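Here are my notes on the model you sent round. Please read them with the structure open.

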Amino acid sequence: MLVGAIEAGGTKFVCAIGNEKNEIIERVSFPTTTPEETLRSVFNFFDQYSLASIGIGSFGPIDINESSDTYGYILSTPKIPWKNFNFLGAMKERYSIPIGWTTDVNAAALGESKLGAAKGLKNTMYITIGTGIGAGAIVNGELLAGIGHPEMGHLLVRPHDKDGYEGFCPYHGNCLEGMAAGPSINGRLGRAGKDVDVDHEVWGFMSYYIGQALVAYTVILRPERIVLGGGVMNAPGMLEKVKKQFSSLLANYVPIPELDNYLVKPGLGDNAGITGSIILANEVK
């Protein structure tokens, strides 16, 4: 049995064919342009196969509320051609098979919880810190959702005493994403993170905000493990900086597993999202 998977990112789409063992058999990627052009490439790839189901992990915000009139839509994205686009509807019009629908970070959380760094655990989180910040949570083995999906990147954070930056988020300014995602480095210094020395104070500011958020997630959700991915977390020494800030801010208020087993890097690397989308395809009814 073959299934299809899409990791729909704001910059590129990754499409894959998987099997019932959640293994990737074939994959392709192409730039995210207009919905029409991008989906033409998706259809050209999937039309070669007889698929039992498809799983989609999409950039967002998206509507995951099945009782909503806009269920399956990409909502208020800054990628204007995709704003209020019925992504799921377009896929269902092409393929009369079950299609799973969730966020890209939820898909990555699913992948890491089933086959990656959080394998075997029922209460976990995956957070990506890159161009933006998003997170997905697994609670008692199920993806966390209410009337919509979590938007954990927009948690409000307390400014660092020495950080005069006001944040780049157009909605909240100094929320977690506005203060700690990759563009905040350029916003402060006028250059990309790859060009900034590892000892520069900006990394301390960002790890302080990430630490605050991880404390909030810890006391609210009480996960067994938090997986941290994304380009910012790949900066040399960043994970250790985040662990130090988190430990200081948590102040032993609640018990957690040993720190090095609590805050970890992804086990699936860049394959977390597409693997999670294959898992979603295999689980959808």
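The points below take the sheet and its helices, then the cores.

1. Status. This is a predicted model.

2. The open sheet. Five strands make up an open sheet with mixed pairing. Their order is 3-2-1-4-7. Strand 3 (24-31) and strand 7 (99-103) are the edges, and each pairs on one side only. On average, neighbouring strands are turned by 15 degrees against each other, direction ignored.

3. One strand pair in detail. Strand 2 (residues 12-19) pairs with strand 3 in the antiparallel sense, over seven bridges. Cys-15 stands opposite Val-28 in strand 3.

4. Helices on the sheet. Helix 3 (residues 104-115) lies across strand 1 (2-8), strand 4 (54-58) and strand 7. Helix 3 runs at about 105 degrees to strand 7. Helix 9 (residues 272-283) also packs on the sheet, touching strands 1, 2, 3, 4 and 7. The direction of helix 9 makes about 135 degrees with that of strand 1.

5. The largest nonpolar core. This core holds 39 residues. Leu-176, Ile-210, Leu-214, Leu-228 and Met-238 touch the most other members. Elements giving two or more residues include strand 8 (124-129), strand 9 (133-139), helix 4 (176-180) and strand 11 (225-229). Helix 6 (201-221) and helix 7 (238-250) are also on that list. Helix 6 gives the most, with 11 residues.

6. Around Leu-228. Beyond four places in sequence, the contacts of Leu-228 include Ile-127, Ile-129, Ile-210, Leu-214, Val-242 and Leu-263. Lys-265 and Pro-266 are also among them.

7. A second core. A separate core of 26 residues includes Phe-45, Phe-46, Ile-56 and Ile-74.

How values were computed:
Residues numbered from 1 in each chain as written. Predicted model: local features only at pLDDT ≥ 70, side-chain atom pairs only at ≥ 80, totals over all residues. Heavy atoms only, no water. Core = buried A, V, L, I, M, F, W, Y, C linked by side-chain atoms within 4.5 Å. Buried < 20%, exposed > 50% of the residue type's maximum accessible area, 1.4 Å probe, protein only. Helix = DSSP H or I, 4+ residues; strand = E, 2+ residues; numbered from the N terminus. Contact = heavy atoms within 4.5 Å. Pairing = 2+ DSSP bridges. Axes fitted to C-alpha atoms, helices over the stretch in contact; angles between N-to-C directions.
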